[in-house]
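User: Could you take a close look at the salt bridges in this structure and explain, step by step, which parts of the chain they connect? I am in my first year, so please go slowly.

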Amino acid sequence: MSRFNPAVNRRTALKLGLGLGAGLALGSKDLLAQHGELLTKAIPSSGERVPLIGIGTARRYDVAATEEELSPLREVLRNLPGTGGVMVDTAPSYGNAETVVGNLTAELGNRDQLFICTKVGAGRQSVAAGLAEIERSFERLQTDRFDLLQVHNLGGVEQMLPILRDMKAAGRIRYYGMTTSSKQQYEEFERVLASHEMDFIQIDYAIDNRSADERILPLALDRGVAVQINLPFGRGRVFEAFGEQPIPEWAAELDISTWAQFALKYIVSHPAVTTAIPGTARPDYLTDNIGASRGGLPDAAMRRRMADLIDAA
């Protein structure tokens, strides 16, 4: 299969008449009316329902804050509630991303429409360092409460999870959990998940990276813990694997019109998965990704068929 630049390929697909950018200049109410309600899943610990697709901010939101850099990010954050989406995931380790998200949501005045998630990783140094990092995140994101705060990549997880539990009890955060994006941490991640109460986990999972499906996702389902998925496109590997081949006709049964929707629907149809957070720094990508929250979802047999397609690539 030919090698190609996945970003260029995706831009080309959007230009070839898919119509995914339509309505991006409309107001929030117009967008929601045009696109319709999103599919949602419940957070097990509360029953609160959240849309299947949110946005991630790693790398692309770490910008120097010129207007040229900020303009597409502003439009993504402006349009997200209008599509029915709510979840924005960031972290202090993502460079300037927390500050950019905080400044733009303050400018737009839509913080109350969003489900803001961030992380704490400095707990690997000490509890004091973790607490200081959390306070800086509150300042950067210009909010007095996080919807979700997670221990980043198991950094000081044993010490920080009780801190986050107390913060939830005090009303400073609504949910808490832990994250990883490394298979090298899976054994420890599984141990902590099995032995600690929490609301969420975040883990890497993609149609070509199904290792979390072996033990961690079933354990999360059994433990009643919500699951966020990072790296749902495998850092671009998924687009590269599918290449320029056409989307199979049978994908239309699931209302799929792009490879991004194909990959995302595979992920969010897993019984354990609550939401996926693809990196989203362009309004047309937002509309494309959010499309995976509408229409049909694959059953177990269709999921096998989808996985077989990429395994054969």
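Analyst: This is a predicted model, and a good place to begin is the pair D204 and K183, whose side chains meet in a salt bridge with a nitrogen-to-oxygen distance of 3.9 Å. The pair links distant parts of the chain, since D204 belongs to strand β8 (residues 200-204) while K183 sits in the loop between β7 and α7 (186-195), 21 residues apart. The two partners can also be described by their exposure: D204 counts as buried, because its relative accessibility of 3% is under the 20% limit, whereas K183, at 42%, counts as partly exposed.

Side chains of opposite charge can pair when their charged atoms come close. A search of the whole structure finds 18 salt bridges, and another of them joins D89 to K119, with the closest N and O atoms 2.7 Å apart. Here D89 lies in strand β4 (residues 87-89) and K119 in strand β5 (residues 115-120), so the salt bridge ties together parts that are 30 residues apart in sequence. Both D89 and K119 are buried.

A further pair is E135 and R172, which form a salt bridge whose closest N and O atoms are 2.7 Å apart. Because E135 lies in helix α5 (residues 127-141) and R172 in the loop between α6 (157-169) and β7 (173-179), this pair ties together parts that are 37 residues apart in sequence. E135 is partly exposed, with a relative accessible area of 33%, and R172 is partly exposed as well, with a value of 30%.

The helix that carries E135 deserves its own description. Helix α5 has 15 residues and reaches 21 Å from its first C-alpha to its last, which is close to the 21 Å expected at 1.5 Å a residue. Its buried residues are A129, G130, E133, I134, S137, F138 and L141. An α-helix has 3.6 residues a turn, so residues three or four places apart point the same way. The buried residues of α5 pack against α4 (97-108), β5, β6 (146-151) and α6. Just after the helix, Q142 takes a positive phi of about 55°.

Salt bridges can also join up into a group, and in this model E48, R111, D147 and R174 are linked in a network of them.

Note on methods. Residues are numbered from 1 along each chain as its sequence is written. This is a predicted model: local features need pLDDT of at least 70, side-chain atom pairs count only at pLDDT 80 or more; totals for chains, interfaces and linings use all residues. Side-chain values use heavy atoms; hydrogens and water are left out. A salt bridge is a side-chain nitrogen of Lys or Arg within 4 Å of a carboxyl oxygen of Asp or Glu. Helices (H or I, at least four residues) and strands (E, at least two) are DSSP runs, numbered from the N terminus. Buried means under 20% relative accessible area, exposed over 50%, partly exposed in between (1.4 Å probe, protein chains only). The expected span of a helix is 1.5 Å times one less than its number of residues. Contact means heavy atoms within 4.5 Å.
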